[in-house]
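Trainee: I am new to this model. Please give me a close look at one part: the side-chain pairs, with the charged ones and the rings explained in turn.

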Amino acid sequence: AGAPSELEAVIVRALRADLRCPPSMATIAASINISERTLRRRLLVADLSYAALLDQERMRRALALLNAGESPMARVAEASGFSDTRSLRRAIKRWTGQTPSQLRRQAD
């Protein structure tokens, strides 16, 4: 997909700041002095979505923590913004086609 656009970079930075309680689109739009409607339109034109960017950042954080291997699942879930380990396990299966324990075994 090439280098991330400036818009994508702004949103990703905002999401990374707090995945547990990600900022709303309205908050992100306000931070770059545009309306939420303009932000939505720009995302559409760039073929991006807030939900997909949030999912991508949660995946990045969760997989990094899992690969590090030290964190218990509950901590990985919390740090990557999931309400519980069950949601995290389902997301990992969706992202990788594998269970968290299969991924951890590969990392060893």
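Mentor: Here is the overall frame, followed by the side-chain pairs and one loop residue.

The model is predicted, so local features need pLDDT of at least 70 and side-chain atom pairs count only at pLDDT 80 or more, while totals for chains, interfaces and linings use all residues. Residues are numbered from 1 along each chain as its sequence is written, and side-chain values use heavy atoms, with hydrogens and water left out.

Start with the frame. The protein has seven helices and zero strands. Helices (H or I, at least four residues) and strands (E, at least two) are DSSP runs, numbered from the N terminus. From that end, the order reads α-α-α-α-α-α-α. The C-alpha trace spans about 45 × 25 × 20 Å along its principal axes. Of the 108 residues, 36% are buried. Here buried means under 20% relative accessible area, exposed means over 50%, and partly exposed lies in between (1.4 Å probe, protein chains only). The accessible surface comes to about 6,700 Å². Carbon and sulfur atoms account for 51% of that surface. These areas come from the Shrake-Rupley method with a 1.4 Å probe; for residues, only the protein chains shown count as cover.

Contacts tell you how the chain folds back on itself. A contact means heavy atoms within 4.5 Å. Take the contacts between residues at least 6 apart in sequence: 52% of them join residues at least 24 apart.

Now the charged pairs. A salt bridge is a side-chain nitrogen of Lys or Arg within 4 Å of a carboxyl oxygen of Asp or Glu. The count is five salt bridges. We will look at several in turn.

Go to glutamate 78 and arginine 20. Their closest N and O atoms are 3.9 Å apart, and the two form a salt bridge. Glutamate 78 sits in helix H5, whereas arginine 20 sits in the loop between helix H1 (6-17) and helix H2 (25-31), so this bridge ties together parts that are 58 residues apart in sequence. Glutamate 78 is partly exposed, at 45% relative accessible area. Arginine 20 is exposed, at 53%.

Move on to arginine 94 and aspartate 55. This salt bridge has its closest N and O atoms 3.0 Å apart. It links distant parts of the chain: arginine 94 belongs to helix H6 and aspartate 55 to helix H4 (residues 50-68), 39 residues apart. Arginine 94 is exposed, with a relative accessible area of 54%. Aspartate 55 is partly exposed, at 22%.

Stay in helix H4 for a local pair. Glutamate 57 and arginine 60 meet there through their side chains in a salt bridge, 2.8 Å from N to O. Both residues lie in helix H4, three residues apart, which is about one turn of the helix. Glutamate 57 is buried, with 1% relative accessibility. Arginine 60 is partly exposed, at 36%. Shared partners join Arg16, Glu57 and Arg60 into one network of salt bridges. What does glutamate 57 touch, leaving aside its neighbours within four places in sequence? It is in contact with Val12, Leu15, Arg16 and Leu19.

Next, the rings. A pair of aromatic rings is described by the distance of the centres and the angle of the planes. Rings of Phe, Tyr and Trp (its six-membered ring) pair if their centres lie within 6.5 Å; planes under 30 degrees apart count as stacked, over 60 as edge-to-face and the rest as tilted. The structure holds one aromatic pair. Phenylalanine 82 and tryptophan 95 form it: their centres are 5.9 Å apart, their planes meet at 65°, and the pair is edge-to-face. Phenylalanine 82 is in the loop between helix H5 (73-79) and helix H6 (85-96), while tryptophan 95 is in helix H6, 13 residues apart. Both residues are buried.

A charge joins this picture too. Arginine 58 lies over the face of phenylalanine 82, at 5.8 Å from the ring centre. The rule asks for NZ of Lys or CZ of Arg within 6 Å of the ring centre and within 35 degrees of the ring normal.

Finish with serine 71, in the loop between H4 and H5. Serine 71 is buried, at 15% relative accessible area. Beyond its neighbours within four places in sequence, serine 71 is in contact with Leu65, Val76 and Arg104. Threonine 99 is 28 residues from serine 71 in sequence, and the two are 16 Å apart in space, C-alpha to C-alpha.
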